[in-house]
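Visitor: Could you take me closely through a single part of this model, the sheet and the helices that pack on it? I should like the arrangement described in one connected account.

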Amino acid sequence: MPRVNYAAPSSVDEAVKVLAGASGLTKVLSGGTDLLVQLRSGRIKPDLIVDTKRIPGIIGIREEGGFFIIGAATPGAMLSSHEALEHAWPGIVEGADLIGSTQIQGRASLAGNLCNASPAADSVPAVIAARTIVVIAGPGGKREAAAESICTGPGRTSLAKGEFIVEFKIPKPKPRQCDAYLRFIPRTEMDIAVVGCGVNVTLDAGGTCTDARVVLGAIAPTTVIVDDAAKALIGHKLDEATLAALDAAAQKACKPITDKRGTIEYRTKIAGVLARRTATIAFERAAAR
Amino acid sequence: MSKHHVTTTINGEPTEYLCEAQQTMLDVLRDELGLTGSKEGCSSGDCGACTIILDGNIVCSCLMLGVEAEGHSIQTIEGIANGDTLHPVQQKFLEHAALQCGFCTPGLIVAAKALLDTTLNPTEEEARYWLAGNLCRCTGYDKVLRAVMDAASVMRAEAGQ
Amino acid sequence: MSYLDKAGLKVVGTRPIRPDGVDKVIGRASFGADTTMPGMLWGKVKRSPHAHARIVKIDTSKAAALPGVRAVVTSADFPNIANEEAFVGEGPMNFRDLSRNCMARDKVLYDGHAVAAVAATSQAIADEALDLIEVEYQVLPHVIDVEAAMADGAPILHEDLFTQGVDPKPTKASNVAKKITFTKGDIAKGFAEAEIVIERKYTTKPVHQAYLEPHACIVAVGSDGQCTVFSSSQGQFMVRAYCAKLLNIDIANIRAIPAEIGGGFGGKTLVYLEPVALALSKISGRPVKIVMSREDVFRGTGPAAGGVIEVKIGAKKSGRIVAAELVLKYQAGAFPGSPVGPGCMCAFAMYDLDNVHITGYDVVSNRPKVAAYRAPGAPNSSFGVESCVDELARELGIDPLALREMNAARDGTKTPYGPTLVNVGYLQTVEAAKNHAHYKTPLGPNQGRGVASGFWFNIGGESSAAVHINEDGTATVVEGNPDIGGSRASMAMMAAEVLGISYDRVRAVVGDTASIGFTFLTGGSRVTFATGMAVTQAAEKVVEQLKSRAAAIWDISPEAVEWKDGKAFPAGANAGSFEPLSLADIAVKSGRTGGPISAEVSINAQGAGPGFATHICDVEVDRETGHVKILRYTAVQDVGRAIHPSYVEGQMQGGVTQGIGWALNEEYIYDKDGRLENPGFLDYRCPVASDLPMIETVMVEVPNPRHPFGARGVGEVPIVPPMAAVANAIADAVGARMRDLPMSPPKLSAVLDEQNPPRLAAE
């Protein structure tokens with residue numbers, strides 16, 4: 001591993017100061033499950049690593065004012081064992097649960113998964129589908145932004161120098177609102193998603209969809225919120241025609257590449273298949289509320 | 001480049017070491033502390049041979065920097081047995097011949113022990129998914145799963161369940 | 001003495017805990033990378049980023065000048081070995097090629113080919129030093145695919161390689177290193193009589209053995225030239241011989257010590273790091289430790305061959321096969337030596353055929369030199385043949401196991417490659433599969449069942465073993481085979497059986513090259529057979545000594561002493577009435593009755609029995625995604641005599657799992673520049689625990705009478721049937737015949753879509 005400097009600030013302000021004042025390439029360290037792999041392979045050669053885990057509150061989950069507030073460096077394992085979060089947003093927990101292995105989930109964080117900005121990130125589609133807000137600390141103080149505004153391209157974020165994410169604010173679900181996340185991989189575990197799909201729906205008493213968000217991963221340079229897919233669901237029950245329209249909308253939104261994990265044709269087809277399957281689960285869950 | 005001084009707890013014992021920032025926890029365990037039970041199979045978090053328990057969660061020590069251990073509690077394969085008494089998982093691995101070359105065995109045992117710390121009643125499927133991060137190329141996992149399920153049953157009996 | 005009758009055995013056939021087990025479950029066992037030597041340096045290897053290039057210049061001066069660097073080597077620091085074949089490893093080895101594989105000379109032939117190495121006082125400095133080595137390459141066009149490498153106009157890897165086995169001798173250099181053929185009977189006549197002919201082409205991609213432990217060694221060259229090599233390998237005598245040859249050192253000046261080995265499967269039957277480390281140690285005057293990264297393992301070490309398998313089978317409508325033709329084209333990697341020979345020989349070994357013609361091509365291409373991988377060559381050719389036989393069975397409407405029964409090889413069948421089979425159990429495996437509950441279990445929608453058979457010769461060869469009786473009546477067995485699957489336990493069991501004492505009084509250890517006589521490496525499924533034979537013979541010699549010591553104590557003739565249940569008895573009333581003497585009783589007196597009681601035996605074991613297997617696989621296919629789930633798997637195998645049944649089962653389950661990975665998801669993926677895109681376990685997809693069900697094993701025992709306990713090799717056969725078993729199951733489930741491995745979801749999905757175009761998306 002190439003040599004690197006390491007800092008572990010013990011407050012948000014200290015972290016902002018270190019990040020803003022650093023010269024050379026600086027990387028934030030949360031769980032480290034992406035960063036260390038990239039360091040090891042030589043893909044990145046940072047001068048400084050800033051470990052945020054000593055900042056109070058950066059690890060932990062609390063409920064406040066109609067939101068789940070999740071510290072940016074909270075490991076996935078903590079998300080899966082939080083009963084209330086799992087009940088409210090099973091899709092988000094599923095997504096985080098699918099990142100790598102049990103060992104990876106012992107460290108991997110929502111912030112890391114989001115800011116690593118891989119289009120195939122497993123926690124991101126459901127997080128975006130739930131209309132999550134991220135709280136960012138920086139030289140200008142704290143600001144809030146929609147989770148979907150963070151990734152601007154593979155490996156690139158909209159965070160300015162000196163900025164880092166401190167919290168995720170996930171709105172609590174409304175009555176008869178629930179989500180689901182599915183991904184397709186060649187094995188049963190351990191693979192990067194060939195396609196990922198997060199669906200968040202709200203139903204009325206009769207089972208008709210009144211609100212929806214459909215988010216696809218690994219089919220474009222960033223995660224895609226598929227408006228047409230949501231439109232295909234809103235105002236409808238989940239019947240054959242709706243599923244077909246949903247499938248078509250999902251496929252149409254794909255701008256994937258062919259790489260060692262999947263071809264353009266295959267990813268596009270699977271996007272449609274997953275959209276149907278994920279929506280089916282989300283509808284079932286929402287109806288059961 | 002100066003080294004970092006780290007104070008941590010490993011296998012119940014207060015431990016101090018010096019390390020460079022880029023040394024992983026696995027490097028530190030193996031090269032600085034002589035704890036070579038944790039193995040390097042891939043250094044990218046894909047094989048689980050380096051599995052340790054950090055504050056109760058299993059993690060890949062190859063994906064953690066040595067400096068990050070400051071103030072935490074770590075358990076490695078060397079700390080799974082209780083002195084001379086093997087943990088039921090270890091004993092069952094031997095009885096079921098759940099190891100052939102033995103290289104993945106430390107990681108698997110640590111991971112399995114952590115599973116049984118969370119539940120004494122896993123289904124075979126739950127155990128398989130829990131252990132999916134531990135690659136084994138020799139056994140095909142069959143005897144590994146039998147050993148884990150048998151250890152669970154022994155531990156249930158001991159707990160009076 | 002013969003121990004073929006299972007009923008009389010007390011130890012062999014039971015399941016004791018292996019002697020090295022406790023160390024392995026508490027993390028104390030010492031593998032290749034687990035040890036250090038005082039003053040040691042860390043070595044690192046610089047590897048080519050190009051698939052094919054001429055090395056114009058290497059400038060190591062900046063690296064050598066870096067503080068902390070103590071040695072830098074390139075091919076200039078190694079003897080220029082002449083073209084020479086030798087038989088000391090698994091299969092023939094050309095030492096010139098091995099040398100150039102360890103360190104490139106003149107040309108690099110694959111992405112990952114070693115071009116230089118350094119030794120420094122820390123890993124970080126060694127890494128920096130590698131970056132400071134400047135290599136100037138002249139990049140050449142490359143070729144990877146086997147048929148592309150065979151085609152006219154393909155980039156040529158070796159200007160001095162002319163195809164062997166063709167007449168007239170070619171004058172133009174080629175990538176086809178050799179052509180071989182096997183013929184039996186008259187296939188033209190056979191095909192003329194056939195009522196149905198199935199002709200198909202199959203392809204396989206190269207796969208890696210993917211042992212969890214990367215190659216590692218620590219070596220020291222003393223100022224007196226004495227070398228110590230501690231490394232993870234499948235044969236310390238092979239390591240010693242190869243290092244001696246590559247570095248021009250007398251064999252007696254190298255002591256090779258086997259570390260515990262974290263998997264090999266054939267991939268550690270040769271050397272990569274040891275000669276390089278020795279060169280670095282010699283120059284620096286200090287011990288050198290080198291450990292490969294996982295990326296280096298994938299880029300720089302030998303995988304199994306990928307290739308093309310063309311099968312043509314002619315049969316009567318009754319199912320009787322009357323003619324079979326096979327063409328194999330195997331990638332050898334950068335240097336000649338693919339296992340196309342065994343691939344040819346094993347392909348039809350399950351069948352009693354009158355008319356067969358097999359042609360094999362060994363083809364070089366710009367990827368790592370191929371190394372052995374569990375039954376090398378056979379899984380590829382069996383994938384083709386067993387799939388084709390399945391297609392034949394379906395065309396004729398005959399049950400695939402019944403078809404195999406009809407054509408089965410049995411005792412007296414002459415194989416297409418020459419020898420006549422004797423004491424084999426193929427038919428028994430087919431019967432056992434047919435009668436197994438698995439075969440009768442009903443299947444649900446999108447589920448299917450496939451069967452396939454397999455064969456591997458298994459070898460014997462040179463082994464040495466010593467049995468020493470210790471003063472307290474325990475026994476130490478010293479043998480020379482690295483233990484990759486629990487063989488130490490089996491050795492101790494056989495010795496215990498012969499000596500008549502309990503297993504926990506016998507300790508088996510693997511000796512280094514100075515501690516035991518020459519022993520051929522661990523491979524070819526030979527250890528339980530050949531080394532077991534040596535251990536048994538050594539133990540029998542010890543028993544003779546024990547009897548003569550008892551005779552001396554009793555002052556009677558040795559012929560009048562019997563050995564039973566670990567004790568000496570007077571043989572009959574005439575011999576005298578003496579209380580029996582236990583082994584411990586005799587051992588404690590050994591100094592006074594003649595000295596240490598011990599025997600060492602060196603043999604060249606003959607009579608290795610081949611192994612056959614028949615597998616049943618159930619799958620479920622997700623039609624929309626092409627994802628295949630393995631529902632159930634049963635492996636039936638003729639194991640001769642299971643010395644330690646758990647370890648035999650383990651070999652079967654491990655081989656099956658590797659075969660399933662080969663079938664479904666494992667492959668090397670190259671970019672357009674010939675660079676490996678997936679040199680890691682993330683995108684080189686081995687089966688994980690959640691991918692598999694329990695793997696049921698059925699051990700059919702047809703003892704091999706050439707081994708004292710009836711053992712035959714078991715480790716390699718299990719990897720031969722799975723690919724075809726899975727392919728046949730998929731065909732049964734959804735009617736899609738997959739002929740190109742791996743049968744990954746996108747490929748299966750494409751075939752399914754062709755059969756059943758997906759409904760068009762709503763407008």
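**The sheet of chain B and its helices**

Guide: Helix H1 (residues 25-32) of chain B lies across S1, S2, strand S3 (51-54) and S5 of chain B, and runs at about 100° to S2(B). Helix H3 (residues 105-118) of chain B also packs on the sheet, where S3, S4 and S5 of chain B are touched, and the direction of H3 makes about 35° with that of S3(B). Helices (H or I, at least four residues) and strands (E, at least two) are DSSP runs numbered from the N terminus; contact means heavy atoms within 4.5 Å; angles, from 0 to 180 degrees, are taken between N-to-C directions of axes fitted to C-alpha atoms, for helices over the stretch in contact.

The model is predicted, so local features need pLDDT of at least 70 and side-chain atom pairs 80 or more, while totals for chains, interfaces and linings use all residues. Residues are numbered from 1 along each chain as written, chains are lettered from A and ligands numbered from 1 in written order, and side-chain values use heavy atoms, without hydrogens or water.

The sheet itself is open, with five strands of chain B in the order S2-S1-S5-S3-S4 and mixed pairing (at least two DSSP bridges between two strands). Its edges are strand S2 (13-19) and strand S4 (57-60) of chain B, each of which pairs on one side only. On average, neighbouring strands are turned by 40° against each other, direction ignored. Within the sheet, strand S1 (residues 4-10) and strand S5 (residues 73-75) of chain B run parallel and are joined by two bridges. B:Ile10 has B:Ile74 as its bridge partner in S5(B).
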